[in-house]
Amino acid sequence: MTPVARRRGVVWWALLLDVAVVAAFTLGGADAHERGAGDLARIAWPFLAALAITWVAGRLWRAPTPLWPTGMVVWVGTLGIGMALRALTGGGTAWTFVLVAAGLFAAGFLGWRLVVLVVRRATRPGSDRSRP
């Protein structure tokens, strides 16, 4: 695999994982509040749109996996823009919802990037894997 193809693959996987974070948040919230399948799109669209805006505005395809700054930009951008879109379209933005979304998005967007960071450091040539 060429370096360019490998890089494209990393970008697509990163974007897919970010979309999966929003999907998990949406599905979990819909299930917890006993919403039907018809509510999924209504719940997800502001955050998916915010994620897309954040990826494009931040040009995150250039370095999609770093915890800092990319992970923080995705987290803050998706949460902030998503909540703004919800508010503008009559969706709920109760402080408890914002806090839950902030925590779950942080765990998801930052979590998978932290795993990538740890794995890369552990498998880097010359790393001492025998140290605890």
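**Two salt bridges in a four-helix chain**

Hi everyone, let me start with the charged pairs: this structure holds two salt bridges. Please keep in mind that what you see above is a predicted model.

As a reminder, side chains of opposite charge can pair when their charged atoms come close. Let's take the two pairs in turn. In one of them, the side chains of arginine 113 and aspartate 18 meet, with 2.8 Å from N to O. This pair ties together distant parts of the chain, since arginine 113 belongs to helix 4 and aspartate 18 to helix 1, which covers residues 3–32. Along the sequence, the two partners are 95 residues apart. And are they buried or exposed? Both arginine 113 and aspartate 18 are buried.

The other salt bridge joins aspartate 39 and arginine 42, whose closest N and O atoms are 3.5 Å apart. How are these two placed in helix 2? They are three residues apart, so about one helical turn separates aspartate 39 from arginine 42. Aspartate 39 counts as partly exposed because its relative accessible area is 22%, which falls between the 20% limit for buried and the 50% limit for exposed. Arginine 42 is partly exposed too, with a relative accessibility of 44%.

Now let's step back and look at the whole chain. There are four helices and zero strands, so if you trace the elements from the N terminus you read α-α-α-α. Along the principal axes, the C-alpha atoms fill a box of roughly 55 × 35 × 25 Å. Of the 132 residues in the chain, 29% are buried. Looking at contacts with a separation of 6 or more, 70% are between residues 24 or more positions apart.

What about the surface? The chain has an accessible surface of about 8,400 Å², and carbon and sulfur atoms contribute 70% of that. One spot to find on your screen is a nonpolar patch of about 230 Å², made by Leu114, Leu117 and Val118. Valine 118 sits in helix 4, which spans residues 95–123. As for charge, I count 14 positive side chains and 5 negative ones, and the centres of the two sets lie 18 Å apart.

Next, two details of the backbone. Which peptide bond is cis, with omega near 0°? That is the bond from tryptophan 68 to proline 69. Proline 69 lies in helix 3, residues 67–88. The other detail is arginine 59, which has a positive phi of about 50° although it is not a glycine. You will find arginine 59 in the loop between helix 2, residues 38–57, and helix 3. Arginine 59 is partly exposed, at a relative accessible area of 43%.

That loop residue brings me to my last stop, threonine 54, which is found in helix 2. Threonine 54 has a relative accessible area of 5%, so it counts as buried. Which residues does threonine 54 touch, leaving out those up to four places away in sequence? The list is Arg59, Leu60, Val73, Val74, Gly77, Thr78 and Ile81. So arginine 59, the loop residue with the positive phi, is among the contacts of threonine 54.

To wrap up, there are two salt bridges to look for: one links arginine 113 with aspartate 18, and the other links aspartate 39 with arginine 42. Thanks for listening!

Notes
Residues numbered from 1 in each chain as written. Predicted model: local features only at pLDDT ≥ 70, side-chain atom pairs only at ≥ 80, totals over all residues. Heavy atoms only, no water. Buried < 20%, exposed > 50% of the residue type's maximum accessible area, 1.4 Å probe, protein only. Contact = heavy atoms within 4.5 Å. Areas by Shrake-Rupley, 256 points an atom, 1.4 Å probe, with all protein chains shown as cover. Lys, Arg positive; Asp, Glu negative; His and termini not counted. Charge placed at Lys NZ, Arg CZ, Asp CG, Glu CD. Patch = residues over 30% accessible without salt bridge, like charges linked within 9 Å, V, L, I, M, F, W, Y side chains within 5 Å.
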